[in-house]
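Let's take a friendly walk through this structure, moving from helices to loops and then to the whole chain. Please keep the model open beside you as you read.

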Amino acid sequence: MACPAARTNTAWRIDRLLAGALAALLIAHPIQAQHRRTDPALEELIPDSAIDQPEEWANQGLPPQGQVQGEALDPSSPMADDAQFTVEWPEDDFELPPVASLEPDPDLAETFAADLEEPPPAAPEGDAQRISKRLTLVFPPDPAAFPEREEFEERFKQLSAIENLKGEGDDSFAQLAVRARSDRELLQRLLRIYGYYAADVTQSVSAIDPGNEAAKDERHQAGKVRFDITPGTRYQLGAIDLGRLADAGPEAPMLRRSFRLETGDPLNSDKIIEERGHLDSALGENGYAFAVVAEPELLVDHHRDEGDLTMPVSPNGQYVFGEITSNRPRFMSSHHLGEIARFDEGDLYRRSMADDLRRAILATGIVSSVTVVPRETKAPQGGEPGVAAIDVSMTKAPLRTIAGALGYETGEGPRAELSWEHRNMFPPEGMLRVRGVAGTKEQLAGVTARRNNFKGRDQVLTLDLTANNIERDAYDARSLSLTGNFEKQTTLLFQKPWVWSVGAALAITDEREGNVNGVQSPRRTFKIFSLPLRAAYDGSDNLLDPTKGFRAGLRVSPEQSWQSSGNARYARIQFDGSAYQPFGGGKVVMAGRVRLGSIPGAPIERIAPSRRFYAGGGGSVRGFGYQEIGPRDSVGDPSGGRALTELSLEARIKTGLFDGAMSVVPFVDGGAVDTETTPRWHDFRVGVGIGVRYATSFGPIRIDVATPLDRRSGESVVGIYVALGQAF
């Protein structure tokens with residue numbers, strides 16, 4: 001309780017405020033005198049003089065500090081003696097009345113239902129799908145009520161805040177409730193995407209028993225969320241307005257059919273976006289180079305359970321291809337761009353062909369960025385299409401590269417390689433490369449000139465001058481060769497079913513075979529002219545990682561050999577085939593390969609050792625070293641043969657590890673080399689092993705470990721092979 005002096009000062013402040021307020025009132029409404037029956041206490045507080053002269057009374061202000069009006073209160077006297085309050089002083093046993101509880105907020109009651117003394121009402125019965133330990137979706141028991149359930153469920157799982165943010169930060173019950181609200185809004189948005197605009201989503205969040213004190217520390221792990229989904233009526237498409245599509249004339253019905261939505265179809269936002277893309281693509285593929293398809297707008301009418309779609313379309317006329325212009329004619333001329341393009345002037349404009357040209361220019365490796373833009377040079381008139389020139393704008397990429405590699409191989413020793421190249425030394429796309437190899441088993445110096453996209457797309461002209469010295473167990477050779485080759489290549493950008501190559505080569509090689517009866521054989525010089533030819537068909541589904549289809553290729557190289565002891569004419573023939581068959585929905589791919597070779601026309605001693613067939617190694621029969629399989633001389637060195645047989649079978653099994661990127665591949669390889677021109681298989685060797693594949697955006701990385709069956713003296717116990725791409 002305050003002391004009397006403090007109360008007196010407080011009273012004066014109250015009096016001062018009341019006086020000021022009353023004075024202001026009296027100024028506005030003067031009163032001559034207050035009623036004489038006024039309460040004496042009030043009359044003492046506001047005397048008649050204050051009413052008669054309010055301004056003067058109000059300006060008197062407070063009395064000097066320390067002065068009080070009236071008699072000072074006795075600290076021992078109760079306030080009731082002078083304050084004249086009408087409220088009785090409370091008794092000692094006075095207690096406040098109980099405060100009534102407020103009604104709970106509906107949202108909070110729903111979110112924190114587990115904290116309430118009364119549990120939330122039981123959710124309606126349905127088909128519950130447990131997404132995780134703490135998240136459950138409940139769908140209508142009749143699948144027909146929500147046929148998109150599986151797709152919907154997977155989509156929600158990928159976007160759920162509860163699932164994607166678990167383990168981040170403080171995973172408290174309150175935080176779980178916040179994420180549950182976010183997921184409830186997500187479910188409602190997804191339902192609208194599928195056309196369920198009247199859907200209802202009921203959310204319930206539960207935790208551990210609030211009375212279980214021992215479990216309170218585990219509260220942040222105990223939260224569970226349940227969403228009961230009632231899709232309701234699925235809305236339908238009402239009116240569809242595609243703007244000026246009819247301006248396309250005779251093409252309009254075909255273009256309208258590309259937009260595969262009609263009035264009465266189920267309302268699906270994804271489908272609308274998808275069909276907008278189909279219509280835009282159809283316009284771009286049928287000559288409408290400058291067509292515009294605006295963003296769709298949907299007006300939902302809840303009374304009709306329908307949505308009216310408006311998507312303005314402006315065809316803007318039909319066009320044919322005009323000339324191609326380059327912004328860097330000396331770097332890559334317009335004529336060369338025309339050779340790369342898969343269209344000619346006058347062809348009906350197709351957007352995919354313009355995009356294909358852009359990708360092909362990027363694939364050259366000599367540009368870092370490129371844009372391909374149509375430009376109107378003649379407007380459509382009188383039913384005749386207009387002309388759209390193609391403007392190509394390029395930015396140069398770095399053109400020079402210096403590369404080097406150091407390595408060591410068992411049986412081969414150390415090896416160093418260095419190369420320099422300029423990818424546009426002879427524009428357009430004329431590459432020059434100088435390279436060298438220094439190692440204990442091989443030394444090489446070479447110059448290569450290559451023109452990419454020569455006289456057509458993916459056609460390559462190559463000239464190669466090479467001097468090398470090779471030392472193998474089978475032979476050593478010192479060679480000088482000049483080779484020219486013209487080929488049609490397949491690429492990752494555009495995998496072609498048919499490829500071919502024709503060439504001519506002139507080689508001078510001084511070679512010596514291994515020991516014969518313990519005596520080192522003399523060196524022999526061969527002058528060889530050859531016409532290597534190749535044709536291949538690729539019916540597989542992927543260049544680096546095929547899973548179905550087959551491949552077949554044939555190489556034929558007629559050769560003329562001159563040497564001091566006599567001349568020889570023969571042909572080197574090789575067939576390669578492979579097939580791929582998926583099983584178990586693509587989880588397992590069985591792959592098989594066969595290679596057959598023959599050199600008819602000359603006895604084996606007339607054929608240079610470097611031109612004979614050998615087998616063994618990572619690209620041949622795994623488990624064996626390079627050239628280990630085949631006939632051997634008197635001291636056990638490979639001597640090569642005129643017939644070749646190789647067989648391979650492997651199972652590429654996906655494991656699901658690393659998001660499905662890892663595969664396990666058990667395999668078995670076999671091969672034989674014979675001195676006759678037809679395989680006899682009298683010395684067929686087999687290697688078995690297992691490998692792993694790790695899928696990347698540029699192809700699988702391959703690691704294989706294999707061992708030979710019936711291993712012989714001098715052969716390796718284990719062979720390890722690392723490469724990019726499948727073995728075949």
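## Helix α12

In this predicted model, helix α12 covers residues 269-285. With 17 residues at 1.5 Å a residue, α12 should span 24 Å, and its end C-alpha atoms are indeed 24 Å apart, so the expected and modelled spans agree.

At the start of α12, Asn-268 places a side-chain oxygen within 2.9 Å of the backbone nitrogen of Asp-270. Further along, the buried residues of α12 are Ile-272, Glu-275, Leu-279, Ala-282, Leu-283 and Gly-284. After the helix comes Gly-287, with a positive phi near 95°.

## Helix α9 and its crossing with α7

Helix α9 has 21 residues, and the distance from its first C-alpha to its last is 30 Å, close to the 30 Å expected at 1.5 Å a residue. Its buried residues are Phe-173, Leu-176, Ala-177, Arg-179, Ala-180, Asp-183, Leu-186, Leu-187, Leu-190 and Leu-191. Following α9 is Gly-195, whose phi is positive, near 95°.

How do α7 and α9 meet, and at what angle do they cross? The axes of α7 (residues 149-159) and α9 (residues 173-193) come within 11 Å and cross at roughly 140°. The crossing is right-handed. On the α7 side, the contact involves Phe-152, Arg-155, Phe-156 and Leu-159, while α9 brings Asp-183, Leu-186, Leu-187, Leu-190, Leu-191 and Ile-193. By residue type, this contact of α7 with α9 consists of eight nonpolar and two charged residues, with no polar ones. Among the α9 residues in the contact, Asp-183 also belongs to the buried set of that helix.

## Thr-364 and its contacts

Now for a loop residue. Thr-364 sits between α14 (351-363) and β11 (367-378). Is Thr-364 buried or exposed? It is buried: its relative accessible area is 11%, and the cut-off for burial is under 20%. The side chain of Thr-364 reaches the backbone oxygen of Ile-361 at 2.6 Å.

Which residues does Thr-364 contact once its neighbours within four places in sequence are left aside? They are Met-332, Glu-429 and Asn-453. Two of these contacts, Glu-429 and Asn-453, are worth a visit of their own.

## Glu-429 and the cis peptide bond

Glu-429 lies in the loop between β14 and β15. It has a positive phi, near 60°, in a residue other than glycine. Glu-429 counts as buried because its relative accessibility is 1%.

The loop between β14 (413-422) and β15 (430-439) also holds Pro-428. The peptide bond leading from Pro-427 to Pro-428 is cis, with omega near -5°.

## Asn-453 and Lys-455

Asn-453, the other residue to revisit, lies in the loop between β16 and β17. Although Asn-453 is not a glycine, its phi is positive, at about 50°. At 8% relative accessibility, Asn-453 is counted as buried.

Lys-455 is found in the loop between β16 (442-451) and β17 (459-471). With a relative accessible area of 59%, Lys-455 is exposed, whereas Asn-453 is buried. In sequence, Lys-455 and His-336 are 119 residues apart, yet their C-alpha atoms are 8.4 Å apart in space.

## Gly-636

Next, move to the loop between β26 (588-598) and β27 (643-654), where Gly-636 has its place. Gly-636 has a relative accessible area of 28%, so it is partly exposed. Another pairing across the sequence appears here: Gly-636 and Asp-473 are 163 residues apart along the chain, and 9.1 Å separates their C-alpha atoms.

## The protein as a whole

Finally, step back to the whole protein. How many helices and strands does its secondary structure contain? It comes to 14 helices and 31 strands. The protein has 728 residues, of which 37% count as buried.

Among contacts with a separation of 6 or more, 58% are between residues 24 or more positions apart. The contact of Thr-364 with Asn-453 is one to look at with this in mind.

Key: Residues numbered from 1 in each chain as written. Predicted model: local features only at pLDDT ≥ 70, side-chain atom pairs only at ≥ 80, totals over all residues. Heavy atoms only, no water. Axes fitted to C-alpha atoms, helices over the stretch in contact; angles between N-to-C directions. Helix = DSSP H or I, 4+ residues; strand = E, 2+ residues; numbered from the N terminus. Left-handed = near helix turned anticlockwise from the far one by under 90°. Contact = heavy atoms within 4.5 Å. Nonpolar A, V, L, I, M, F, W, Y, C, P; charged D, E, K, R; others polar. Expected span 1.5 Å × (residues − 1). Buried < 20%, exposed > 50% of the residue type's maximum accessible area, 1.4 Å probe, protein only. Polar contact = N/O pair within 3.5 Å; in protein donor to acceptor, adjacent residues only side chain to side chain.
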